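Trainee: Could we go through this structure together, one feature at a time, with the reasoning spelled out?

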Amino acid sequence: MFNLENIVRPNVLKMKAYSSARDEFKGAASVFIDANENNLGSLAGERYNRYPDPHQKKLKKKIAEIKGVKPSQVFLGNGSDEAIDLLFRMVCRPGQDSMLHLPPTYGMYEVSANLNEVQLDAVQLTPEFQIPVLEVLRNVKDTTKLIFVCSPNNPTGNLIEAESIETLLDNFDGLVIVDEAYIDFADEPSWTTRLAEYPNLVVLQTFSKAWGMAGLRLGMAFASEEIIALLDKIKPPYNINEATQELALKALEQEEQLTYMIEEIVQEREMLVQALPTLDAVEKVYPSDANFLLVKVKEANRLYTYLLEQGIVVRNRSSLPGCEGCLRISIGTVDENQQLFQAISNFK
Ligand SMILES: Cc1ncc(COP(=O)(O)O)c(C=O)c1O
């Protein structure tokens with residue numbers, strides 16, 4: 001049976017969160033000389049002399065409305081990479097606990113595990129890039145605290161079958177993290193709709209992909225109120241800066257434009273899915289539910305270098321087990337996709 005208190009690090013349960021100057025003050029005031037800010041102003045523009053809201057109340061409220069969850073079920077991180085790191089720090093005792101991930105997958109799970117001195121167990125995805133569920137469950141140990149599932153998966157692009165994730169959630173007593181960085185490009189509902197069923201589910205999303213805000217660094221974690229309260233307790237107090245909070249609120253007010261951008265990207269993706277396999281250099285294009293394609297080519301390293309010479313940078317994933325001979329290509333603008341197609345068709 002999953003019990004959050006059993007898996008959270010004892011020092012995290014025991015510790016007190018940092019209490020900021022503004023946390024301690026409640027009421028109305030006109031002179032704020034409690035946080036060692038520069039009250040004369042800021043060289044960067046109005047308001048930036050003040051620390052941002054450490055609880056991101058307005059932003060969480062708006063995100064919660066859009067996502068259909070409570071504000072208390074939303075954690076905001078300096079990119080979802082920060083949420084990944086904090087999940088390790090919340091439950092994994094350095095040098096004692098372990099996590100399990102499913103390569104080929106997003107590289108930061110491994111980096112965060114190494115940084116936090118957490119043992120890394122890996123179960124390779126099947127040739128169809130799905131989870132071999134029984135093998136995963138066989139590899140779970142007493143010390144396994146986290147299982148990372150990336151869906152749609154980076155770099156393979158596909159959604160992971162819902163039944164596999166359900167089986168993990170039902171049979172694993174640690175946290176199952178479903179990383180949905182690319183969910184806006186997929187046709188399936190988010191796992192945020194299943195939070196009430198699974199107390200051990202954490203869903204990650206980001207503003208870096210469909211929302212086009214990678215430069216602002218804003219990631220989201222959705223989970224039970226208890227899990228979110230712990231993440232909030234251990235985060236750096238002012239992890240989301242004022243400019244990011246303001247600009248994200250502005251972006252959320254124009255949510256309908258997101259749909260148009262997603263439609264255009266998905267349309268271009270499907271165009272490339274049809275067009276790329278007609279080229280001699282291309283062996284296979286894997287189906288994608290994301291804003292990139294995994295493309296198996298005849299000579300990955302040579303094509304990669306050739307594209308660089310043409311001024312086109314793609315991601316060479318050919319050395320990753322399971323992705324041999326593959327390049328990962330993000331969907332660009334209509335013009336960029338055309339340039340890519342032309343360049344590969346000229347490759348000899
Ligand atoms: C699967 C996945 N998760 C998380 C991230 C990191 O997102 P963020 O920019 O929010 O840190 C990425 C970035 O490429 C990703 O591919």
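**Aromatic pairs and their surroundings**

Trainee: Is phenylalanine 129 buried or exposed?

Mentor: Please keep in mind that this is a predicted model. Buried means under 20% relative accessible area, and phenylalanine 129 has a relative accessibility of 5%. Phenylalanine 129 therefore counts as buried.

Trainee: Is tyrosine 286 buried or exposed?

Mentor: The same kind of reasoning can be followed here. With the cut-off for buried set at under 20%, the relative accessible area of tyrosine 286, which is 13%, places this residue among the buried. Tyrosine 286 is therefore buried.

Trainee: How many aromatic pairs are found in the whole structure, and what is the angle between the planes of tyrosine 109 and phenylalanine 148?

Mentor: A search of the whole structure gives nine aromatic pairs. One of them joins tyrosine 109 to phenylalanine 148, with 4.5 Å from centre to centre. Planes under 30 degrees apart count as stacked, and this pair is stacked, its planes standing at an angle of 20°.

Trainee: How many residues apart in sequence are the parts that this pair of tyrosine 109 and phenylalanine 148 ties together?

Mentor: Tyrosine 109 belongs to helix H6 (residues 108–115), whereas phenylalanine 148 belongs to strand S4 (residues 144–150). Both residues are buried. Because the two rings sit in these separate elements, the pair ties together parts whose separation in sequence is 39 residues.

Trainee: How is the pair of phenylalanine 129 and tyrosine 286 classed: stacked or tilted?

Mentor: The centres of phenylalanine 129 and tyrosine 286 are 5.2 Å apart, and their planes make an angle of 55°. The pair links distant parts of the chain, 157 residues apart, with phenylalanine 129 in the loop between strand S3 (119–122) and helix H7 (133–139) and tyrosine 286 in the loop between strand S8 (282–285) and strand S9 (292–297). Stacked would need planes under 30 degrees apart and edge-to-face over 60, and the pair is tilted.

**A helix and a sheet**

Trainee: How many of the twelve residues of H5 are buried?

Mentor: Helix H5 (residues 80–91) reaches 17 Å from its first C-alpha to its last, close to the expected 16 Å. Its buried residues include Glu82, Asp85 and Phe88. The helix is largely enclosed by the rest of the structure, because its buried residues number ten.

Trainee: Which strands stand at the edges of the open sheet of four strands?

Mentor: The order of the sheet is S8-S9-S11-S10, with antiparallel pairing. Each edge strand has a single partner strand, so one side of each is left without a neighbour in the sheet; these strands are S8 and S10.

Key:
Residues are numbered from 1 along each chain as its sequence is written. This is a predicted model: local features need pLDDT of at least 70, side-chain atom pairs count only at pLDDT 80 or more; totals for chains, interfaces and linings use all residues. Side-chain values use heavy atoms; hydrogens and water are left out. Rings of Phe, Tyr and Trp (its six-membered ring) pair if their centres lie within 6.5 Å; planes under 30 degrees apart count as stacked, over 60 as edge-to-face and the rest as tilted. Helices (H or I, at least four residues) and strands (E, at least two) are DSSP runs, numbered from the N terminus. Buried means under 20% relative accessible area, exposed over 50%, partly exposed in between (1.4 Å probe, protein chains only). The expected span of a helix is 1.5 Å times one less than its number of residues. Two strands pair if DSSP finds at least two bridges between them.
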